[in-house]
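Colleague: Please take a close look at one part of this model for me. I would like a connected account rather than a list.

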Amino acid sequence: MDTPPRPKQQQQSSSTELEFDNLRAIKVLGKGAMGTVFLVHDKTADPCALNPYALKVVEKSTLHTKFEADRRARWEIQVLNKLSGANSHPFLPHLMFSLETPEFLAWAVPFCSGGDLNVLLYRQYDRVFSPAVVRFYLAEILCALEHLHDMGIVYRDLKPENILVQQSGHVTLTDFDLSRTLTKRTVKTILSSDDLRHFDQPANNTGKKHHHLHHIPCRCHRRNLSRWLPPILPSKDKTGLKKAKSARVSPVSRRKVSFSNGERSNSFVGTEEYVSPEVVRGDGHEFSVDWWALGILTYEMSYGTTPFRGENRKETFRNILYKKPEFIGKRNELTDLIERLLEKDPTKRLGYQRGACEIKEHVFFKGVRWDLLTEVLRPPFIPARDDSDLTETAVVDIRGHFQNLKAPASPLPSRLPSPSSECHRKMSLEEF
């Protein structure tokens, strides 16, 4: 089974449980594959809920495939901890704290009041973003993935539901339980033999050698970002309607493949419509699966649907392996970017050779000031701060919430599906 190493368990103590009981849950933010996310504040340190945060809670007694889910939950905590302190990034979350009681495993991250990109996309009049807005969100997501890859982490679960909008309007990724660490390829295996011969030859007639490979600069465009994006007015629709959650693929080991350089994962993981061809084939995969998912995300933001969705998951996977993405209207820089990201052969996919820097150099991103993204004061959408939920007297009892889930009751209201997905349950390799 391809699973990350299990970090050491935190020691339990009575004080830990007392701290858990001191947390006041304001409302449920969402329910994922493993646990429930609550908006909480500390009744003692922050009685007025001026700085609430998101708390993901996993109940130990009901962990499906308990051992694997426990490992994934602890792995997510470990990844978030790695993304804190010196390794923090403006478009990635950090671990505020984690705690463990005999009943629960919980961890807190900053609260993103803008919801997820899926909700925002659904609220658009035609269910799509303009190219300028696509460019903005892609640029920030690309920087987040670049940071993860630099740390040796492949994300493996990119989709609109996992892209949250901060209060500032900038994005952040979430849900790292399907991520894992991989050993990256060395520079020599990234460059072709012709490139290597080029760097070994004298430059002109000076007799001097070219610089070493690790000195090759990344020629990313550095142009002004001003007046880059038109403002998007926040929707007045407060129903929160959006497409149903895409179906996740449970981690399942595939046949082992030997690689001479770099490391590849052989597990079958991801989200149904975002799974890459090499994952479906079981060939082993590495960081390029994130660039494939970036191409699917770009298509969905531009056309309101994913490019390979079939009538059932078997047809979806067949389309992923053999079908080419279909475009409406004239070909342009955006469609070229999508095509190059959705290259079936991962070794020919944009980003395979030099990672995020290679994608940043695509003409679609011409004019982007990568070093000034965080200084954009007017992102496409800035969520309005609504304090009504923070001051209401009704609270959510976390323990009671999980007890109610066990009892027979009416199901939670389903989310309205968009054209991009109609299959929402978890899946395994056996179903395919």
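Colleague: Where is Arg313 found, and what does its side chain contact? Please go on from there to how helix 4 and helix 8 cross, and to the cysteines.

Modeller: The model is a predicted one. Arg313 is found in helix 9, which covers residues 313-322. Its relative accessible area is 12%, and because the limit for buried is under 20%, Arg313 counts as buried. The side chain of Arg313 makes a polar contact with the side chain of Glu272, at 3.5 Å.

Now the helix pair. Two packed helices are described by the angle between their axes and the distance between the axes. For helix 4 (residues 131-150) and helix 8 (residues 288-303), the axes come within 11 Å and cross at roughly 165°. Angles over 145 degrees count as roughly antiparallel, and helix 4 and helix 8 are therefore roughly antiparallel to each other. The crossing of helix 4 past helix 8 is right-handed. On the helix 4 side, the residues that meet helix 8 are Val134, Tyr137, Leu138, Ile141, Leu142, Leu145 and His149. Their counterparts in helix 8 are Asp290, Trp291, Leu294, Leu297, Thr298, Met301 and Ser302.

As for the cysteines, Cys143 is buried, with a relative accessible area of 8%. Cys48, at 55% relative accessibility, counts as exposed. A disulfide is a covalent bond between the sulfur atoms of two cysteines. With a cut-off of 2.5 Å between the sulfur atoms, the count of disulfides in this model comes to zero.

Technical notes:
Residues numbered from 1 in each chain as written. Predicted model: local features only at pLDDT ≥ 70, side-chain atom pairs only at ≥ 80, totals over all residues. Heavy atoms only, no water. Buried < 20%, exposed > 50% of the residue type's maximum accessible area, 1.4 Å probe, protein only. Helix = DSSP H or I, 4+ residues; strand = E, 2+ residues; numbered from the N terminus. Polar contact = N/O pair within 3.5 Å; in protein donor to acceptor, adjacent residues only side chain to side chain. Axes fitted to C-alpha atoms, helices over the stretch in contact; angles between N-to-C directions. Parallel < 35°, antiparallel > 145°, perpendicular 65-115°, else oblique. Left-handed = near helix turned anticlockwise from the far one by under 90°. Contact = heavy atoms within 4.5 Å.
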